Amino acid sequence: MARARGRSNGSTASVNDAVPSISTIQPSANGNHEASPDAGSSRDTFNYRSVTLAATDALPYYDRELELQPGLRSRVDALIASEQATLPLLDESRLPPAYKPFSNRPDLAAELERVASGAPPSPALDTSRYTLPSPPEGESASLELWQAAVDSAHAQLGHMDVRLKNIELLKKYGSNHWRLSNFQQEQDIRLLSEQVEAVKSETNEINRLRQKDQTAAGTKLGILEKRWTDLISRGLQLEVARITTESEIEGLRTKKRKLEGQLAQMQ
């Protein structure tokens with residue numbers, strides 16, 4: 001049965017969500033950095049384009065032939081496979097060149113190949129530089145070896161001083177920065193979740209409209225098909241009645257001619 005083309009327009013959804021203000025860090029009376037609620041605000045607008053459903057000859061929400069007619073799906077799959085076999089092969093020369101990750105970083109490329117091949121990881125970090133070894137010869141070592149050991153000790157002392165300062169800074173300011181970072185990530189997650197829900201809602205609305213339009217079109221097509229069947233049946237009945245009537249008329253005409261012949265013989 002031929003299906004009428006249907007078109008429905010999806011609704012346009014727009015989500016304008018204001019991201020809560022990300023507080024700036026201001027020093028408090030005790031020296032710690034605290035979040036200021038009135039530092040400023042940012043706004044992220046996410047707009048959806050209107051969706052227009054393409055015209056189609058199929059009514060997937062209404063047609064059930066593939067499910068009701070046994071063997072129809074296999075025949076359709078066979079026709080699709082035979083059609084695909086006649087299609088020309090893809091011209092790979094028109095494709096862009098293959099992407100090679102880390103082309104400018106041979107160290108990362110080597111690590112990626114190692115992970116892909118399943119090879120064991122490289123040895124752990126060398127911690128020997130964090131030790132303070134003395135010359136193996138002891139007091140009898142040369143002045144150059146002792147000078148190298150002293151330079152290494154000075155370097156270790158400098159690194160340790162930097163680590164201690166970083167730890168103090170982390171204790172003083174790290175907690176507020178951590179809370180601010182968590183707040184920003186929570187707001188980003190909330191915004192993205194709302195956008196995902198908006199897209200899902202729009203998708204469900206489009207599918208609902210499609211199902212409604214296709215069901216209505218399928219019902220109308222069913223009524224028209226039944227009317228067409230009734231008209232065809234009535235036409236066939238009229239054709240049979242016409243043939244029967246013509247046969248009866250021809251029989252009466254033949255009988256009339258016979259009676260006229262008999263009457264002529266009697267006269």
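Confidence in this predicted model is far from even: the mean pLDDT bottoms out at 37 in strand 1 (residues 14-19) and peaks at 91 in helix 4 (residues 143-266). Averaged over the protein, pLDDT comes to 78, with 78% of the residues at 70 or more. The weak stretch takes in residues 1-46, where pLDDT stays under 50. The model still places 104 contacts beyond four places in sequence for residues 1-46, so anyone picking through those contacts should keep in mind that pLDDT is the predictor's own confidence in each residue.

As for the overall layout, the protein has four helices and four strands. Going along the sequence, these come in the order β-β-β-β-α-α-α-α. Just 12% of the 267 residues count as buried. The accessible surface adds up to about 22,000 Å², and carbon and sulfur atoms hold 58% of that. If one takes the contacts between residues at least 6 apart in sequence, 71% of them link residues at least 24 apart.

Zooming in, a nonpolar patch shows up on the surface, made by Phe 102, Leu 108 and Leu 112, with about 230 Å² of accessible area together. Phe 102 sits in the loop between helix 2 (72-85) and helix 3, whereas Leu 112 belongs to helix 3 itself (residues 106-117). Why can Phe 102 and Leu 112 be part of a patch? Patch members need over 30% relative accessible area; Phe 102 qualifies because its relative accessibility is 35%, which makes it partly exposed. Leu 112 passes as well because its relative accessible area is 40%, again in the partly exposed range. Phe 102 has a backbone quirk too: its phi is positive, at about 55°, although the residue is not a glycine.

Helix 3 also carries Arg 114. Is this arginine buried or exposed? With a relative accessibility of 18%, Arg 114 counts as buried, because the cut-off for that label is under 20%. Its side chain makes a polar contact of 2.5 Å with the side chain of Glu 111. Leaving out residues up to four places away in sequence, Arg 114 touches Ala 119, Pro 120 and Pro 121. Helix 3 thus offers both settings: Leu 112 is partly exposed, while Arg 114 is buried.

How values were computed:
Residues are numbered from 1 along each chain as its sequence is written. This is a predicted model: local features need pLDDT of at least 70, side-chain atom pairs count only at pLDDT 80 or more; totals for chains, interfaces and linings use all residues. Side-chain values use heavy atoms; hydrogens and water are left out. Patches are made of residues with over 30% relative accessible area and no salt bridge: like charges are joined within 9 Å, nonpolar side chains (Val, Leu, Ile, Met, Phe, Trp, Tyr) within 5 Å. Accessible areas come from the Shrake-Rupley method with a 1.4 Å probe; for residues, only the protein chains shown count as cover. A salt bridge is a side-chain nitrogen of Lys or Arg within 4 Å of a carboxyl oxygen of Asp or Glu. Helices (H or I, at least four residues) and strands (E, at least two) are DSSP runs, numbered from the N terminus. Buried means under 20% relative accessible area, exposed over 50%, partly exposed in between (1.4 Å probe, protein chains only). A polar contact is a pair of N or O atoms within 3.5 Å; within protein, one must be able to donate a hydrogen and the other to accept it, and residues adjacent in sequence count only if both atoms are side-chain atoms. Contact means heavy atoms within 4.5 Å. pLDDT is the predictor's confidence in each residue, from 0 to 100.
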